[in-house]
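Q: I am new to this structure and should be grateful for a close look at a single part of it. Please begin with the setting and then turn to the part itself.

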Amino acid sequence: MSQARGQAWLRDRKLETDGEAITYTRGLVTISEYAGASLKAVPGRKPVKTVDQHGKTILVRSDKDFMLDPASLGVFGEPLEGDLIVYGGLTFEVWPTIVGEPCFRPCDDYDFMIRIHTRKVGDG
């Protein structure tokens with residue numbers, strides 16, 4: 001099995017065993033497992049090292065990260081700052097953990113999974 005095929009297999013198993021249904025919204029358009037699409041993500045959190053204005057290394061965390069197959073976002077393409085994710089009755093806004101950085105990162109060398117950074121903005 002090639003490394004790329006192995007990564008794809010791992011992605012599928014991760015989403016199958018740990019994936020949970022989410023609703024992803026951009027403007028007036030929503031992708032949801034409940035609307036007939038299959039949109040699952042693996043929730044988590046990961047600290048990111050950065051340097052503050054005084055030159056000290058600090059750890060920054062998003063309120064919640066969501067790992068998913070970027071192809072599941074369909075016509076949306078890449079996540080954009082301001083998109084909304086509803087999970088577990090809470091609403092999270094896609095945003096960069098560090099100002100000037102992307103709001104998502106690849107989880108593997110082949111971009112089979114991405115990690116989307118969010119902050120909690122509301123209930124439901």
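In what order do the elements of the chain run from the N terminus on? With that settled, please look closely at Leu 84, found in strand β8.

A: The model shown here is a predicted one. From the N terminus on, the elements run α-β-β-β-β-β-β-β-β-β-β-β. The secondary structure of the chain thus comes to one helix and eleven strands.

A few values for the whole chain give the setting. The radius of gyration is 15 Å, which agrees with the value near 14 Å that a compact globule of 124 residues would have. Along the principal axes, the C-alpha atoms fill a box of roughly 50 × 40 × 25 Å. Of the 124 residues, 40% count as buried. The accessible surface comes to about 7,300 Å², and 52% of this surface belongs to carbon and sulfur atoms. Among contacts between residues at least 6 apart in sequence, 56% join residues at least 24 apart. As for charge, the chain has 16 positive and 18 negative side chains, and the centres of these two sets lie 5 Å apart.

The interior comes next. The largest nonpolar core has 17 residues, and those with the most contacts inside it include Ile 22, Tyr 24, Phe 66 and Ile 85. At least two residues of this core are supplied by each of β7 (64–68), β8 (84–87), β9 (90–94) and β11 (114–123).

Leu 84 itself lies in strand β8. Is this residue buried, partly exposed or exposed? Leu 84 counts as partly exposed because its relative accessibility is 31%, whereas buried would require a value under 20%. When residues up to four places away in sequence are not counted, Leu 84 touches Thr 23, Tyr 24, Thr 25, Thr 91, Phe 92, Glu 93 and Val 121. One of these partners, Tyr 24, is among the core residues with the most contacts. The C-alpha atoms of Leu 84 and Val 42 are separated by 16 Å, and the two residues are 42 apart along the chain.

Another leucine may be set beside this one. Leu 90 lies in strand β9 and counts as partly exposed because its relative accessibility is 27%. The C-alpha atom of Leu 90 is separated by 32 Å from that of Gln 53, a residue 37 places away along the chain.

To conclude on the part requested, Leu 84 is a partly exposed residue of strand β8, with Thr 91, Phe 92 and Val 121 among the residues it touches.

Key: Residues numbered from 1 in each chain as written. Predicted model: local features only at pLDDT ≥ 70, side-chain atom pairs only at ≥ 80, totals over all residues. Heavy atoms only, no water. Helix = DSSP H or I, 4+ residues; strand = E, 2+ residues; numbered from the N terminus. Rg over C-alpha atoms; globule rule 2.2 N^0.38 Å. Buried < 20%, exposed > 50% of the residue type's maximum accessible area, 1.4 Å probe, protein only. Contact = heavy atoms within 4.5 Å. Areas by Shrake-Rupley, 256 points an atom, 1.4 Å probe, with all protein chains shown as cover. Lys, Arg positive; Asp, Glu negative; His and termini not counted. Charge placed at Lys NZ, Arg CZ, Asp CG, Glu CD. Core = buried A, V, L, I, M, F, W, Y, C linked by side-chain atoms within 4.5 Å.
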